[in-house]
Amino acid sequence: MPELPEVETIVRDLSKSLEGKIFSDVIVRDDFLLRQRREDFVRRIRKKSVAGISRRGKAVIIGLSCGSFLVIQPMMTGQLVIDGQEDRHSRIVFNFSDGTRLLYNDQRRFGQLRAVDDLKDVPYFNILGPEPFAAQFSPAYMAWAFRRSRRPVKNSLLDHTFVAGIGNIYACEILFRSALAPRRQACRISEEKIKTVHRFIREVLNEAIAHRGSSMRNYRDGRGRKGAFHGRLAVYGREGLPCPRCRRAVKRVIQAGRSTFYCGHCQK
DNA sequence: AGGTCGACCTGGCAGC
DNA sequence: TGCTGCCAGGTCGACC
């Protein structure tokens with residue numbers, strides 16, 4: 001489900017509502033999502049307060065008062081909703097001492113939750129590339145990475161060891177704005193064009209955050225609401241509909257097992 | 001060693 | 001109505 005803008009929106013919602021609150025109880029309805037024994041998971045969280053909430057890639061990090069962390073990867077269909085209605089997809093319920101309740105809902109059960117002392121204990125963080133808004137993620141870094149890669153540029157954008165947080169929706173949108181064909185080999189893109197892509201990576205993600213993300217099917221923010229960026233998508237999910245720039249039909253192809261939406265006329 | 005592909009799991013929707 | 005097949009925002013490990 002959520003890519004960087006959606007996870008960022010969730011993190012901002014949760015920060016406002018949960019910081020300083022104390023976990024009074026953790027109810028695990030589905031052990032499958034945990035990467036440790038249930039008793040260990042619950043013991044590390046109960047009675048601790050929320051020191052801070054942040055994001056790395058597509059993972060939510062809840063810092064606990066004792067210096068440890070609750071790390072949540074919502075994957076495709078995970079949701080973190082405050083004071084929402086419980087349903088059959090509510091896999092884990094976090095209760096706070098003031099009566100606030102945080103639900104972890106997940107239709108497909110791909111999500112992963114861990115309570116760890118050290119973020120290095122989360123394998124995902126050890127392989128993750130730079131954040132797209134970090135200084136380290138520069139046009140020069142992109143050019144260095146692209147030079148040595150023969151795969152299609154769409155695959156590079158989806159590779160989280162190259163850059164964290166970009167998923168299928170925003171990879172398509174970034175390439176559309178960059179007027180770049182998704183199947184173009186990364187090593188065959190000019191330095192000038194790489195600068196353009198770099199600029200649009202940040203621009204598209206920033207706009208999506210400003211609109212609280214995109215809701216295709218399952219995504220909800222921390223208050224259980226849909227994102228508003230969905231209606232602003234130029235190509236994603238729009239096969240056969242007119243390209244907003246030239247009005248020709250948007251095409252769909254499969255790359256790396258995922259749908260890619262693009263305009264064959266505007267993107268070269 | 002870089003890169004691709006299927007598996008993981010559930011459910012909604014289109015087509016027949 | 002009910003069945004089948006396809007599709008879905010992510011990640012990892014097996015394999016070429």
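This report walks through a predicted model of a protein with a DNA strand, starting with the sheets and ending at the DNA.

**Two open sheets**

Let's begin with the sheet that has the strand order β1-β6-β7-β5. Its 4 strands form an open sheet, and their pairing is antiparallel. At the edges you will find β1 (23-28) and β5 (78-82), each of which pairs on one side only. On average, and ignoring direction, neighbouring strands here are turned by 15 degrees against each other.

Inside this sheet, β6 (residues 90-96) and β7 (residues 101-106) are joined by 5 bridges in the antiparallel sense. If you would like a landmark for this pairing, look for Phe94, which stands opposite Leu102 in β7.

The other sheet to look at is also open and has 4 strands, in the order β2-β3-β4-β8, again with antiparallel pairing. Its edge strands are β2 (50-56) and β8 (112-116), and each of these pairs on one side only. Neighbouring strands of this sheet are turned by 15 degrees against each other on average, with direction ignored. Within it, strand β3 (residues 59-64) pairs with strand β4 (residues 69-73) over 4 bridges, in the antiparallel sense. Here Ile62 stands opposite Leu70 in β4.

**Helices on the sheets**

Two helices, α1 (residues 4-18) and α2 (residues 38-45), are worth tracing next. The table lists the strands that each helix touches or lies across, with the angle to one of them.

| Helix | Strands | Angle |
|---|---|---|
| α1 | β5, β6 and β7 | about 30 degrees with β5 |
| α2 | β1 and β6 | about 160 degrees with β1 |
| α1 | β2 and β3 | about 170 degrees to β2 |
| α2 | β3, β4 and β8 | about 60 degrees to β8 |

Helix α1 packs on the sheet that holds β5, β6 and β7, and α1 also lies across β2 and β3. Helix α2 packs against β1 and β6, and α2 lies across β3, β4 and β8 as well.

**A salt bridge and a hairpin**

The whole structure contains 23 salt bridges. One of them joins the side chains of Arg212 and Asp13, at 2.7 Å from N to O. Asp13 sits in helix α1 and Arg212 in the loop between α7 (191-210) and β9 (251-255), so this pair ties together parts that are 199 residues apart in sequence.

Strand β9 pairs with strand β10 (residues 258-262) over 5 bridges in the antiparallel sense. In that pairing, Lys251 stands opposite Tyr262 in β10. The hairpin of β9 and β10 has 2 residues between its strands, and Ala256 takes a positive phi near 50 degrees there.

**Around DNA strand B**

Which residues come nearest to DNA strand B? Of the 14 residues around it, they are Arg88, Gln107, Arg108, Arg109 and Arg150. Of the strand's atoms that come within 4 Å of the protein, 66% belong to sugar and phosphate. The residues of the surface near the strand divide into 3 nonpolar, 4 polar and 7 charged.

Some individual contacts are easy to pick out on screen. An N or O atom in the side chain of Arg88 is 2.9 Å from a phosphate oxygen of DNA strand B. The side chain of His89 also has an N or O atom facing the backbone of the strand, at 3.1 Å from a phosphate oxygen. For Arg108, the partner is a base oxygen of DNA strand B, 3.1 Å from an N or O atom in the side chain.

Conventions. Residues numbered from 1 in each chain as written. Chains lettered and ligands numbered in written order. Predicted model: local features only at pLDDT ≥ 70, side-chain atom pairs only at ≥ 80, totals over all residues. Heavy atoms only, no water. Near = heavy atom within 4 Å. Polar contact = N/O pair within 3.5 Å; in protein donor to acceptor, adjacent residues only side chain to side chain. Nonpolar A, V, L, I, M, F, W, Y, C, P; charged D, E, K, R; others polar. Pairing = 2+ DSSP bridges. Axes fitted to C-alpha atoms, helices over the stretch in contact; angles between N-to-C directions. Contact = heavy atoms within 4.5 Å. Salt bridge = Lys/Arg side-chain N within 4 Å of Asp/Glu carboxyl O.
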